[in-house]
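Let's take a friendly walk through a protein model, one feature at a time. Have the sequence and the 3D view ready.

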Amino acid sequence: GINAGSVQRIARADERPYPALRGMSRSRDDGEGRKIFIGGLPFSADEIIIREDFGKYGEIEDVYLPRDRESNKPRGFGFVTYRDPRDARDASDAMHGREYNGRE
């Protein structure tokens with residue numbers, strides 16, 4: 001599952017320390033705090049499971065689960081973008097520091 005502290009709200013664009021992270025999402029830039037990072041995902045987790053588990057916090061605009069370029073295997077982390085930044089904050093507050101096991 002996810003290690004403690006691996007669900008985080010992504011900082012606003014102007015306070016983000018790693019500009020390279022900007023290009024990792026398919027959705028528009030997250031200047032409004034609508035995106036959260038989910039680390040330590042089981043490799044069996046897919047977009048449907050993520051939408052089920054994180055959709056209870058609000059309407060999801062985008063789920064991005066990066067894959068390895070060569071093997072096409074999941075990389076074990078992802079990003080969820082909500083329509084409303086308050087929903088991203090709720091999800092981050094609720095899931096931060098908790099085990100997230102997805103479903104095998």
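## A network of charges

Glu32, Arg34, Glu59, Glu61 and Arg83 are joined up in a network of salt bridges. A salt bridge here means a side-chain nitrogen of Lys or Arg within 4 Å of a carboxyl oxygen of Asp or Glu. One link in the network is Glu61 with Arg83, at 2.9 Å from N to O. Glu61 sits in strand β3 and Arg83 in the loop between β4 and α2, so this pair ties together parts that are 22 residues apart in sequence. Arg83 is partly exposed, with 47% relative accessibility. That label covers everything between buried (under 20% relative accessible area) and exposed (over 50%), using a 1.4 Å probe and protein chains only.

A quick word on where all this comes from: it's a predicted model, where local features need pLDDT of at least 70 and side-chain atom pairs count only at pLDDT 80 or more, while totals for chains, interfaces and linings use all residues. Residues are numbered from 1 along each chain as its sequence is written, and side-chain values use heavy atoms, with hydrogens and water left out.

## More salt bridges

How many salt bridges does a search of the whole structure find? It finds six. Among them is the one between Arg51 and Glu47, whose closest N and O atoms are 2.9 Å apart. These two are four residues apart in helix α1, which means about one helical turn separates them. Arg51 is partly exposed at 31% relative accessible area, and Glu47 is partly exposed at 32%.

Asp84 and Arg86 also meet through their side chains in a salt bridge, at 2.6 Å from N to O. Arg86 counts as exposed, with a relative accessible area of 52%.

## The overall layout

Now zoom out. The protein has two helices and four strands, and along the sequence they follow the pattern β-β-α-β-β-α. Helices (H or I, at least four residues) and strands (E, at least two) are DSSP runs, numbered from the N terminus.

Of the 104 residues in the protein, 39% are buried. The protein exposes about 6300 Å², and carbon and sulfur atoms supply 45% of that; the areas come from the Shrake-Rupley method with a 1.4 Å probe, and for residues only the protein chains shown count as cover. Take the contacts (heavy atoms within 4.5 Å) with a separation of 6 or more: residues 24 or more positions apart account for 67% of them.

## Rings that pair up

A pair of aromatic rings is described by the distance of the centres and the angle of the planes. Rings of Phe, Tyr and Trp (its six-membered ring) pair if their centres lie within 6.5 Å; planes under 30 degrees apart count as stacked, over 60 as edge-to-face and the rest as tilted. The structure holds four such pairs. Tyr64 and Phe79 make a stacked one, 6.5 Å centre to centre with 15° between the planes. Tyr64 is in strand β3 (residues 60-64) and Phe79 in strand β4 (residues 78-82), so the pair ties together parts 15 residues apart in sequence. Phe77 and Phe79 have ring centres 6.2 Å apart and planes at 90°, so their pair is edge-to-face.

Is Tyr64 buried or partly exposed? At 23% relative accessibility, Tyr64 is partly exposed, whereas Phe79 is buried at 6%. Phe77 is buried too. Ring pairs link Phe37, Tyr64, Phe77 and Phe79 into a cluster.

Phe79 has another partner: Lys35 lies over the face of its ring, 6.0 Å from the ring centre. A charge counts as over a ring if NZ of Lys or CZ of Arg is within 6 Å of the ring centre and within 35 degrees of the ring normal.

## The nonpolar core

A nonpolar core is a set of buried Ala, Val, Leu, Ile, Met, Phe, Trp, Tyr and Cys residues joined through side-chain atoms within 4.5 Å. The largest one here has 14 residues, and Ile36, Ile50, Phe54, Val80 and Tyr82 touch the most other members. β2, α1, β3, β4 and α2 (85-95) each chip in at least two residues. Which element gives the most to this core? That's α2, with three residues.

## Two loop residues

Leu41 is in the loop between β2 (35-38) and α1 (47-54). Even so, Leu41 is buried, at 8% relative accessible area.

Asn72 is in the loop between β3 and β4. Most residues other than glycine have a negative phi. Asn72 isn't a glycine, yet its phi is positive, at about 65°.
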